[in-house]
Every structure is written in C-alpha cells, then in structure tokens.
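Okay, thanks everyone for coming. I'll take a few minutes to walk through one model, so have a look at it while I talk.

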Amino acid sequence: KLLLPLFKTVDLVEMNQKFIDRSTAYLSDAGSSVGKRICSSLQDFEPEIERYSIIWCQWVLLYLTDDDMVNFLRRCKAALKANGVIFIKENVTSVPEKEYDHVDSSVCRPQYQFYRIFEK
C-alpha cells in the first residue's frame, strides 16, 4: 500500500496466483490506482518497454540468482520511461560472502556484490 497514494497507477507482479487473487480484497480501498495484476516470476517477467516511471523491488531479489537478477534488471531498465528510476530495497549481509537460507531458498548478498550486479 506504500506506493498507491503516490502514483496514478501501480502494477503488481506476484508469482503466486492466490496472492494476486487476494490483492483485490486487500487493496480494495485503493480504488482505481491498482493497474495490472501480473502473475509471473521475476525470471519470466517481461515488462512493457518504456511503461514505468518507477520500478520498486523490495525483498524479492534475494530469490534470484546473480544471472537472473542481471537479466531482470536489464528488462526493467528497458521498461523505464525517460528519467525513470529503479528502487531496490534488499537486506545485505555484513560478511564478505553470500549467506544462503536453504529453508526459503534465498540468498543475502554483501553490498559490493549488488554493485557488481548493477554494473552489468
């Protein structure tokens, strides 16, 4: 709900159809500001070229491999309008290597590894 009051339209990308279905009730007070509800993994998400002013990624990139993240961010870059911005909010580890969570299949990266990915 954070972005809804700030923008005319907010699209949602979620790989679990049940969450997409529940978003209608959860965001019912948002009115018409919810645009597309897209059921897709980030690995498969193909955003429309030059559609977005802002792309917000929060606590989702930890589920992507480095290569998948690079490819996803490249597609997101192409989806930005002129002067568009990609915001990334992820946890970072304080140790120099990735920390893997085998329970939820996520990875926490050190900050320098994010920078390397962004450079690509």
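Let's start with a question: which elements each supply at least two residues of the lining of the largest pocket? Before I answer, keep in mind that this is a predicted model. Right, the elements are β1 (10-14), α1 (17-26), β3 and α2. Of these, β3 gives the largest share of the lining, 7 residues.

As for the pocket itself, the space in there comes to about 1,400 Å³. It has 40 lining residues, and if you want to find the centre, look for Val10, Asp11, Leu12, Val13 and Trp56, which are the closest to it. By class, the lining breaks down into 25 nonpolar, 8 polar and 7 charged residues.

Now let's turn to α2, since that helix keeps coming back. Helix α2 covers residues 66-79, so to speak 14 residues, and spans 20 Å from first C-alpha to last, close to the 20 Å expected at 1.5 Å a residue. Which of its residues are buried? They are Met69, Val70, Phe72, Leu73, Arg75, Cys76 and Ala79. Notice the spacing as you go along that list. An α-helix has 3.6 residues a turn, so residues three or four places apart point the same way. And what covers the buried residues of α2? The cover includes β3 (52-58), β4 (80-89), β7 (106-110) and α3 (111-119).

That takes us to the largest nonpolar core, which has 17 residues. The members that touch the most other members are Tyr52, Ile55, Leu61, Leu64, Met69 and Phe72. At least two residues of this core come from each of β3, α2 and α3, and α2 has the largest share, with 6 residues.

Zoom in on Ile55 for a second. If you ignore neighbours within four places in sequence, Ile55 contacts Cys76, Ala79, Leu80, Val85, Ile86 and Phe87. There's also a second, separate core of 5 residues, and Leu3, Leu4, Leu27 and Val34 are among them.

Last stop: the second largest pocket, with a volume of about 190 Å³. Its lining is Val70, Leu73, Arg74, Lys77, Ile86, Ile117, Phe118 and Lys120. Two or more of those residues come from α2, and likewise from α3; the largest share, 4 residues, belongs to α2. By class, that lining has 5 nonpolar residues, no polar ones and 3 charged.

That's what I have, so over to you.

Definitions and conventions. Residues numbered from 1 in each chain as written. Predicted model: local features only at pLDDT ≥ 70, side-chain atom pairs only at ≥ 80, totals over all residues. Heavy atoms only, no water. Expected span 1.5 Å × (residues − 1). Buried < 20%, exposed > 50% of the residue type's maximum accessible area, 1.4 Å probe, protein only. Contact = heavy atoms within 4.5 Å. Core = buried A, V, L, I, M, F, W, Y, C linked by side-chain atoms within 4.5 Å. 1 Å grid on protein atoms, 1.4 Å probe; cavity = no way out; pocket = protein on both sides within 12 Å on 5 of 7 lines; lining within 4 Å. Points joined across faces, edges and corners; volume = space filled by probe spheres on them. Nonpolar A, V, L, I, M, F, W, Y, C, P; charged D, E, K, R; others polar.
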